[in-house]
Protein chains: 2
Amino acid sequence: MVAPQEFIQFVDDNTDNFINRLAEAVAIPSISGDATRRPDVVKMANWLNNQLQRYGAKTELVPLGTQVLDGKTIDLPPAILGRIGDDPKKKTILIYGHFDVQPAEKGDGWNTEPFKLHVDKQSGKMFGRGSTDDKGPIMGWINVLEAHQKLGIALPVNMLFCFEGMEESGSEGLDDLIASEAKKGDKGWFRGVDAVCISDNYWLNTRTPCLTYGLRGIAYYQITVSGPGADLHSGIYGGAVYEPMTALIALMSKLVTQDGHILIPGVYDGVAAADADELQVLFHIIHHRYYAQLDPLNHSKKYEDLDYSVADLESAAGGKIANSTEKTTVLMAKMRNPSLSLHGIEGAFSGAGAKTVIPATVHGKFSLRLVPPQTPEDITKKVISYVESEFGKLNSRLTMKIEYLHGGKPWVADYNHWSFEAAKRATEAVYLQTPNYTREGGSIPVTLTFADNLGVNVMLLPMGRADDGAHSTNEKIDISNYIKGTKLLGSYLYEVAEITQTKA
Amino acid sequence: MVAPQEFIQFVDDNTDNFINRLAEAVAIPSISGDATRRPDVVKMANWLNNQLQRYGAKTELVPLGTQVLDGKTIDLPPAILGRIGDDPKKKTILIYGHFDVQPAEKGDGWNTEPFKLHVDKQSGKMFGRGSTDDKGPIMGWINVLEAHQKLGIALPVNMLFCFEGMEESGSEGLDDLIASEAKKGDKGWFRGVDAVCISDNYWLNTRTPCLTYGLRGIAYYQITVSGPGADLHSGIYGGAVYEPMTALIALMSKLVTQDGHILIPGVYDGVAAADADELQVLFHIIHHRYYAQLDPLNHSKKYEDLDYSVADLESAAGGKIANSTEKTTVLMAKMRNPSLSLHGIEGAFSGAGAKTVIPATVHGKFSLRLVPPQTPEDITKKVISYVESEFGKLNSRLTMKIEYLHGGKPWVADYNHWSFEAAKRATEAVYLQTPNYTREGGSIPVTLTFADNLGVNVMLLPMGRADDGAHSTNEKIDISNYIKGTKLLGSYLYEVAEITQTKA
């Protein structure tokens, strides 16, 4: 069952109306990281809650407690839980989104006012903070609800909503809410949930829609080296003492090569084998024609067919710095291989100009991006053992401590699931393109929270393009992505109904 | 001719009077680095100028122009030039000192008010900002002048004074003044100068007076590595791009070993040979008894007799971090060997906590301390060539630039000169100890300015001890150092007269 033509027509007929809805949402500066803007985040919650109720949802604004921000204890913005439909014969899809945004000021380099949606019909782009992250996708869902209400047709699935106002500030309070609602089972908001759909990431490029089935995990570390009682003058002490910076730089230089190869023994254990399995299945899903002749050891083939180029990567990075000329290699590097980045040093001289200090205590920061079967726990053991061993070889009289600061498991979903198949068919129907199946290099922690607590399939179904500039100046969403994206979200629901009815 | 007993007696009889003089000086918060305190620096200049005039000096307050500080253009504090005596049969000694101080606030960790001299007769220490750096030594000279005026006896030498109020802020304006006065020759303030004596450094320990005949030079560098157009998210890009931090850490790790050995090819050229010569002369001066059996290749012997221990070094550094258990080795490291310190990184994450950034452009800061025959020019060629070669080996597609930011030549004086011999005899007379002959690891740029512009011997004759805490909280000078120091400065003038008359 593809989406009914009247739905598609309604979306086309209501483009201006839908753009106005997005403009209203963008006009509320719901910056969660700024205590003075907290009333705007609450205003945004109420505005969104009214929209949901207007188009048929039963909702609840759930208080999440307090936080300390800018030295003051203030209320967290409420989360919104909601539901439309309770038909046991229909699948129940949980939608997640966030209505808070990153900070933005015109003076940061915006060409237009960040909290006034600037619709440039010439380029087909709409500029404004939150336009793509994540108000555009949320408005897409509201558009779908409005269409069905105005057309007087029932939604093909039961819909659940979980919208939060703290995503840009660590999703404070949300994990507990999800866990407690999940524990309530049939008595909680999430009763009967069959799958989760999250629109909060981006296409791999600017051309091809995608479905995202994996995220890398992370393990963040800090190496602290100390020795002197206070910072020393390099003229008076230089040459006569063991210097903490020399030790820290030596240790940091032994973590990863310039080519990105991680030097920590055992860190790659199991990574290659896991991917060979994954590869077979993925080929099966996307490229039936290749399945028979698949060489499970040739990892690169599945990436060959993604619509992506090294130029896409370098254009987004703003520099010719790809470490391979092969798109398959850089795609695997982003998606399915672990990586290690050196982020910086705390405690050393970090200002402009010249200061002749021997810093007394320095903290080196680095993190690994993890892929299955890596876990922060296992990797931490290997990192600590290796760094301690390398420090021992330096044979200094300094003190070294290596700490795991935070982390999260990698996540890979079953892209064989009906939810992915429904999204693929919806994409083909709306965009006339087969979507890229992607894994993201970064983490979206709420994904794992839903997967772990609800035990159902989670899919990331992005609306925006790779160049939307979430978190950056001149954040935008293309009109076509917003409008076709609305059609895609609606169509996805119909494909879910179609596939699961067929299978049942 | 040792100092007359009546001078020594006068100093003993006027201890309280001299302490009051220092208390008056400390009470003026002449912080040169704080624009709001500039009137106090000028007040201090006037106060000092009055003291000089009261005790017989002809003086001039010399304006040095303006500077920009805290965003405002303000007048530099004047320098004071002065003279007592113009007898062609006497030697003329130029005294340098500075009457400005480092910032200090009680809240920084001072036990007493920093700008109220706290005299603790129990411990024999006087606490206050500027007590040892550099108001104590300047007051020492004023004490000498007062004694001679009150006793009605002529000074044994002609005295010149050059006191500045910007030493703690880069001695702005002073180099030009010295150069222009030097160029005036017999028509300038510095006419007839025979030697320069500077009391603005410290003993090697807390027990033994010293004469300082050398300072290390410095060459400060910045390595800049760039690539991406802006900071990147390590989740999205980690593994697929060459990262500037990885390259910078690799380069910084190749500059110096944990033991302090500098890895830049050719950096030690000539250093060892220079010291063998220096060693013979030094032995001749200090240890006549060893001269016959001197092994010029055994560099360590001259350091064996300095009153110093590894414990002194570690106590001052606040940690057990000496890179040798041999005092001779650590002394040579501080005094006569070059060193290389890694100071920090600008542009990377330098805050507390965790941030998953791939910094786009990072600047690594490091400097070398230089000894003869090293010069910043020669070392810079070697550093640039080496860093560029090492960067090439990384084979990345990043951009690297290595820059020389600033520097200065090392300085070594002829400790065979009558000025040093006079100071040695004065030390033996006052302290009943043979002084340590030391070289300082840091730089005191005005030393080189005097040496280069006046072409006469320059000697550093410190008054305070190694633990005085100049620039730190609870800066102090011991009463005994202040009073014996006053005797030492006076006696030095008599020994100069004695030696030079004998020689003439």
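## Exercises on a predicted two-chain model

L211(B) stands opposite Y437(B) in β18(B). The exercises below concern a predicted model.

**Exercise 1. Determine which strands pair with β10(B), in which sense, and how far β10(B) is covered.**

*Solution.*
Step 1. The pair L211(B) and Y437(B) belongs to a parallel pairing of β10(B) with strand β18 (residues 436-440) of chain B, which extends over five bridges.
Step 2. A further pairing, antiparallel and with two bridges, joins β10(B) to strand β17 (residues 411-412) of chain B. Here G214(B) has V412(B) as its bridge partner.
Step 3. As for coverage, β10(B) spans residues 210-215, and six of its six residues are buried.

**Exercise 2. Describe the two faces of strand β9 (residues 195-198) of chain B and identify its neighbouring strands.**

*Solution.*
Step 1. On one side lie A195(B) and C197(B), on the other V196(B) and I198(B); these residues are all buried, and both faces are thus covered.
Step 2. Strand β5 (residues 92-98) of chain B runs parallel to β9(B) and is joined to it by four bridges. In this pairing, L94(B) is the bridge partner of V196(B).
Step 3. Strand β19 (residues 457-460) of chain B also pairs with β9(B) in the parallel sense, over four bridges, and M459(B) is the bridge partner of C197(B).

**Exercise 3. Locate R191(B), classify its accessibility and list its contacts.**

*Solution.*
Step 1. R191(B) occurs in the loop between α5 (174-184) and β9 of chain B.
Step 2. Its relative accessibility is 26%, so R191(B) is classed as partly exposed.
Step 3. When residues up to four places away in sequence are not counted, R191(B) touches R83(B), D86(B), T92(B), L160(B), G185(B) and D186(B).

**Exercise 4. Characterise the interface between chain A and chain B by contacts, buried area and polar interactions.**

*Solution.*
Step 1. In the contact count, 73 residues of chain A meet 73 residues of chain B.
Step 2. The two chains bury about 5,800 Å² between them, with 53% of this on carbon and sulfur atoms. Q258(A), I321(A) and R397(A) supply 13% of the area that chain A buries against chain B, more than any other three residues.
Step 3. There are two salt bridges between the chains; in one of them the side chains of R397(B) and E314(A) meet at 2.8 Å, N to O. In addition, 45 residue pairs are in polar contact.
Step 4. On the side of chain A that touches chain B, strand β13 (residues 339-346) of chain A gives the largest share, eight residues. The residues of that side comprise 35 nonpolar, 27 polar and 11 charged.

**Exercise 5. Compare the settings of three salt bridges in chain A: K487(A) with D12(A), K393(A) with E390(A), and D478(A) with K476(A).**

*Solution.*
Step 1. K487(A) and D12(A) meet at 2.7 Å, N to O. The pair links distant parts of the chain, helix α15 (residues 479-503) and helix α1 (residues 5-13), 475 residues apart. K487(A) is buried at 12% relative accessibility, whereas D12(A) is partly exposed at 37%.
Step 2. For K393(A) and E390(A), the closest N and O atoms are 2.8 Å apart. About one helical turn separates these residues, because they are three residues apart in helix α12 (residues 376-394) of chain A. K393(A) is exposed at 58%, while E390(A) is buried at 9%.
Step 3. D478(A) and K476(A) meet at 2.4 Å, N to O. D478(A) is buried at 3% relative accessible area, and K476(A) is buried at 3%.
Step 4. A network of salt bridges links K476(A) and D478(A) with K125(A), R465(A), D467(A) and D468(A).

Note on methods:
Residues numbered from 1 in each chain as written. Chains lettered and ligands numbered in written order. Predicted model: local features only at pLDDT ≥ 70, side-chain atom pairs only at ≥ 80, totals over all residues. Heavy atoms only, no water. Buried < 20%, exposed > 50% of the residue type's maximum accessible area, 1.4 Å probe, protein only. Pairing = 2+ DSSP bridges. Contact = heavy atoms within 4.5 Å. Buried area = accessible area lost by both parts, 1.4 Å probe. Salt bridge = Lys/Arg side-chain N within 4 Å of Asp/Glu carboxyl O. Polar contact = N/O pair within 3.5 Å; in protein donor to acceptor, adjacent residues only side chain to side chain. Nonpolar A, V, L, I, M, F, W, Y, C, P; charged D, E, K, R; others polar.
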